[in-house]
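Biologist: I'm new to this structure, so please start with one small part and take me outward from there.

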Amino acid sequence: MKRSDAGAAMTTQILIVGSGAGGAATATALAEAGCEVLILEEGPNVDTSRIASNSTDAISLLYRNGGMTPMLGRQSTAFVEGRCVGGSTEINSGFWHRLPEDTYLRWKANELLADFTAEIMTPYFERIEADLSVSHMRPEQIPRSSVLFREGAERLGWKYVEVPRCQKESGSQFAPGAKQSMQRTYIPRAIAAGARLLADCKATRIVHENGYVRGVEVTQNTDGTRRRFEVRADAVFLCCGAIQTPALLRRSGIRKNVGDRLCIHPMIKAAALFDEEVEAHDAALPVYQVKEFWPTISLGGAVFSPGFLAMTLSDNWTPYQHAMQDWTRMALYYATTRSMGRGSIRAVPGVEDGVVIRYEPSAADERNLTTGLARLGELLFAAGAKAVYPSVAGSPILHSADECRGLGQQQIPITSMSLSNVHAFSTCPMGENLDICATDSYGKVYGFRNLFVNDASLIPDAPGVNPQGTTMAIAFRNAEHFMEAKQRTMPRTVAKPPGRADVLVTGAPGWLGTRLVEVLVRGMDDSSAAQSPGSANLAGPAERTVRCLVRPSDDPSSLAGLSDNLEIAAGDLTDPASLREFCRGAEGGTLFHSAGLIHPERFVRDFDRVNFEGTRNLLAAAQEAGVRRVVVVSSNSPIGCNPSPDHLFDERSPYNPYMGYGRSKARAEALVHDVQASGRMETVIIRPPWFYGPHQPPRQTLFFTMIKDGRFPILGDGNQKRSMAYVDNICQGLLLAASSPKANGETYWIADARPYSINEVVATVTEVLESFGFHCKGSQVRLPAIVGETARVIDAALQSVGLYHQKFHVLGEMHQSIACSIDKARAELGYEPNYELQGGMRASIEWCLANGQRI
Amino acid sequence: MTAPRRLGARHKATVARIVESITPTFPPLDSGKRTVVFADVTRFVASQIEALPDFLRPPYKMALSGFEWLAVVRWGRPFTALDAARQAAWIALWSDSPVGAMRNFVKLIRGCALLAYYDHPLLLEALEAEAGGEGSRESIGEPA
C-alpha cells in the first residue's frame, strides 16, 4: 500500500456488508421498499461475464485467497468462495435447489425457528426463480458426461434428479453472461432502485455501544492506496457469507453463539475414464444428481477442465498421470455428504485478514465419504467407465464395480482423502433457541437493536443441497420483515418545525420514561393522580401532546402505538442543538427529565457528561423555549447511605454523594436550584431510590434470575434496609410534582410506603416467582459484610482513577442501608403509593414473562 | 497488521525449480512455448502462495526456506543447486513424508502447478492438437 488516509464518515440509512446472494437480495428488497441503501463489497467490481469462472485468471481475481482458503482439522478441507461484486454467485455453477421439506421441521425442532414453513417460504422461492430465470437444460444441451451418469443411475435403479440452474442461455458451461449471477440480476435492480455500491471496501470492525450499532469501520483499497473511513447507518446488515460474517462479528467483540457451529458439505472427487469421447471440457455443466442416498450422501458431476482433471489426479500423480493422455474420454464426478463434524470460525487478533476456519471431520463424515466414493464408483462402472481414479492418496486405480464395493467395505482414512468444500453454514444460526442461536428468527443479532445477519450464516445446519436459493429466500423474507417491523414500531417523528407540545419527556424509551409516557397518554389504571384536579395543566390524557427525546441509538418501538399525540424528537442530552428542537413549541408546558446515566460502560467522566452537562443543556433549552415547570428525576445517591438500618433520609438530610454517580446527580440538583433561584422556570426535584416495575432493563431481570437460582449475594445479616419505588408510584409522584403549586422549588423523596430489608425483598421475590410456577432454590449466597466493604473500596479506587466497574459498584452498595421517609410528599403533594412490594414484584414478573424475557 | 505478501527472489527461484520438476512432459511443447508456459505457471503458483491467508503465508514461506536449505543436510547443496534427478528425489521425499505438513507443502504447489499448466492456453492448444492427431490414444495402460 502506498499510503493510508483517514477519510470522513459516510452516512446511510441501511448499510449492507457483502454483495453476494444474501447481500444483493437484501439490497434489492430494501432499496425497492424505499430505503437509502449502501452496499459495501470487499472485492473488486469486475465484469465477470468476460471471465470464464474456472480460469486461472478468475481464480486469482475473483476467489478469496486465490482459492487457497483451508479449513484446518485432522484433514484440511479446501474451501472456495468468491470475493468480488456478486460474491460466490459469480464463481459457482448456478445450481438451484429449494429447501427440502424435512429441513423446515428439523430447524423448528432444534433451533425453535419461528414463522419458517414451506408455505411461507415457497412464494419467495417462486419469485426468485422467476427473477433468476431458473430453468432446466434443453435435452440436446445435456453433456455426454451427464447422460452417461444418468444411464448409470438408471441401470442401478437409483433415484436421480435433474437440477435446474440460474441461467438464461444454457449453452456452453461458461458462456459469457449466461449465468444469472447477482451481477446480472439483483445488484443492477438494487442500483436502479437507488442503492449505492462501493467495491474494494472491507468492513474491518463494527462500531457499537450498548446494543446499538453506530456504523462500520471500513478500509478501502484502490490503486494501491489504502483509505480508512467510517460508514454510519441506522441499521447494518452483515451479508459477507458464513465465514466472513462471524469473523467480523467476533473481531468486533460480538461472540455469543457466533462462529461456533460451522457446518459444511465436504466433497471428494473422482475422475472416470470412458471408452468414448465425452468432451467434458466443451460441455455445459453437469446436471444430474443422485439422491438415492440423500440426505446422507449426494452424487453428481463436477466442473471439468484439463487443469481440474490434473488437480484431481495430483494426489497420486506418479501412477495416475498417464490418464492425462486420455483427457477427452474423462470426466469428473463427486460424492458429498452433510457434515456431522463441527467447525468454528475465529478471528486472529491483530491480523486484519486473519480468519482461522476449523472443521474437524467426524467418524460419520469419514464413513459417509467412503461409502459415497464407493457408490460413485459403482455408478460410474454401471455407466460404462473403464477406470475410476479416486482423489485418495495411495489409492489404486479402480477397474470394476466389485473393487468399488470392496472399497466401501473398508474405512478410507480421512487423512488420505482430498477434501474440498464450497458450502458453509450455521455460523450465526437463527432461531429462538438462545442456547445455540446468534440471531432471532429474522436475523436480528441477539442483544442488538439494529444489527442483522442475512446470509448463509443463518442457515441452522447443512441442508444437503446447494444453499444459494435458500440464502436468497431467507434474505428476502428477513428484509421484508425488517421493513414491516420498521413501519410498525416507528412512532410519528416530530415534523419540522415542531408544533405545540404540552409535555416533554426525556428518558423514554427507558425504564421509568416509558411508563411515564404510558401514564401521560393513557392515564394510570388505579391511580387518580393522572386525572386529578391538580393536574389540570397537563390536560386529559387524550388531549395531551407528549414529545419524547429519543437518542438515535435507542429503539423507540416500546412507544409505538401509544397515542396519536405522541411525538418522537431525535436528540441527545449532550447535543444542545437537538435539545432546542426538542423544547421548541413547549411554552408554558411541563418537562419531565428522567434521562440519566446510571452505569457507564467504562469511564466515570460519562456520569458528568450526561447527568450534569446534559441536565445543564436541557435546562437552558427549556428556559429558552419558555417551559413553565421542570420536574427533574434525581436519585438517592446525592445523599449517600444511611448511617444505620433504622435511619431514614428526609428532604433536610445533607448532601453526601456516593461515588461518581452521586456527585454528578448532586451537581445536577445544584443546577436545578440555580434555575429556581433565577425565577425563570419552576422546578421540582424528585428523588426515587431503587425502582422496579414494567419495562425493566435486563439487569433487573438478572436480579430475578439470581434469586431463582439461589445466586443472589446477601451481604451481612440481610437486615440492611432499602427504600424501593414501584414505577407507578414514582409516576404518581411525578405528576403530582408537576401539578401541585406547593411543589415549586421543592425536593421530594418518592418511594413505596416503607423501606424493606434485603431479606424481605428476596423472600418476596421468591414467593412471587414460585406463584408463577418457577422452582426457586431456598437459600441464597450469604457473604460477610466485609466482602461488600472490600468491593466498595475497590470501586472507590477504580473511580478515583476514572474507571467504572458495574459489578464492584453494585456489590459495594449491597451491604448498605438506603432508606428514606416520604412524609413530606404525603403531606404536601397528597402522594399515597398504591403499590407495595409484593404487588409490584408480581406486576414486574408478569411483564417480564409477557415480553419474552427469560428469568 | 498484515504479513508481507510478496515472495522474495530466493523463494521464487525455489518455486520455479519445483514447478519445473513436477510438470509433466505431456503434451510435447517446443522449447519456446515451454519457456512461456513455465514462466506463467511459476508466476501463478507464486501468486497463489502470496494469496494465502495472512496467518498461513509466513509459515509457508518458512517451509519454502526449509525445503530449499534442508537439502544441504541431505545433498550438501540447497535445492535449487541440485541436478534434476536429485531435485525430483527431494520432492518425492517430501511428498511421501509421514509428516503431514511436508506432504501438504508439496501438494499445494503440485495442485496449483498442474492446474495452471493444463489450463494454459498453449497447453490447451497442444492438447487439442494431440486429441485430433493419430496415435495419441493408446490403450489405457497403467504405468510400469
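Biologist: I'd like a close look at one proline: in which loop of chain A does A:Pro295 lie?

Modeller: A:Pro295 lies in the loop between β15 (288-290) and β16 (297-301) of chain A; helices and strands here are DSSP runs, numbered from the N terminus, with H or I over at least four residues for a helix and E over at least two for a strand. Before we go on, bear in mind that this is a predicted model, where local features need pLDDT of at least 70 and side-chain atom pairs count only at pLDDT 80 or more, while totals for chains, interfaces and linings use all residues. Residues are numbered from 1 along each chain as its sequence is written, with chains lettered from A and ligands numbered from 1 in the order in which they are written.

Back to the proline. A cis peptide bond joins A:Trp294 to A:Pro295, with omega about 10°. Chain B has a cis bond too, between B:Phe26 and B:Pro27, where omega is about -10°. B:Pro27 sits in the loop between α1 (9-22) and α2 of chain B.

Other loops of chain A have their own backbone quirks. A:Asn65, in the loop between α2 (56-62) and β4 (69-71) of chain A, has a positive phi near 55° although it isn't a glycine. A:Asn65 counts as buried because it has 21 C-beta neighbours inside 10 Å; the rule is that 20 or more other C-beta atoms within 10 Å make a residue buried, 12 or fewer make it exposed, and anything in between is partly exposed, with C-beta atoms placed from the backbone. A:Asn257 also has a positive phi, near 60°, and you'll find it in the loop between α7 (241-251) and β13 (263-264) of chain A. With its 21 C-beta neighbours inside 10 Å, A:Asn257 counts as buried as well.

Now for the turns between strands. β10 (201-209) and β11 (212-222) of chain A pair antiparallel over eight bridges; strands count as paired if DSSP finds at least two bridges between them. A:Cys201 has A:Gln220 in β11(A) as its bridge partner. The two strands make a hairpin with two residues between them, and A:Asn210 in the turn has a positive phi of about 50°. β11(A) then joins β12 (225-238) of chain A through eight bridges, again antiparallel. A:Thr222 is bridged to A:Thr225 in β12(A), and in this hairpin A:Asp223 takes a positive phi near 50°.

Elsewhere in chain A, seven strands make an open parallel sheet in the order β26-β25-β24-β27-β28-β29-β34. Its edges are β26 (566-570) and β34 (746-749) of chain A, each pairing on one side only. The twist averages 20° from one strand to the next, using lines fitted to C-alpha atoms (for helices, over the stretch in contact) and angles from 0 to 180 degrees between N-to-C directions. Helix α14 (576-583) of chain A packs on this sheet, touching β24, β25 (546-550) and β26, and its direction makes about 160° with that of β26(A).

Step back, and chain A has 23 helices and 36 strands. Of its 855 residues, 55% count as buried.

As for the inside, the largest nonpolar core has 187 residues, and those with the most contacts in it are A:Val37, A:Val236, A:Tyr333 and B:Val45. Such a core is a set of buried Ala, Val, Leu, Ile, Met, Phe, Trp, Tyr and Cys residues joined through C-beta atoms within 7 Å. Its largest share, eleven residues, comes from α5 (100-118) of chain B. A separate core has 89 residues, including A:Leu512 and A:Leu829.

Finally, where the chains meet, 28 residues of chain B are in contact with 36 of chain A, contact being C-beta atoms, placed from the backbone, within 7 Å. α5(B) gives the most to chain B's side, with seven residues.

Definitions and conventions. Two residues are in contact if their C-beta atoms, placed from the backbone, lie within 7 Å.
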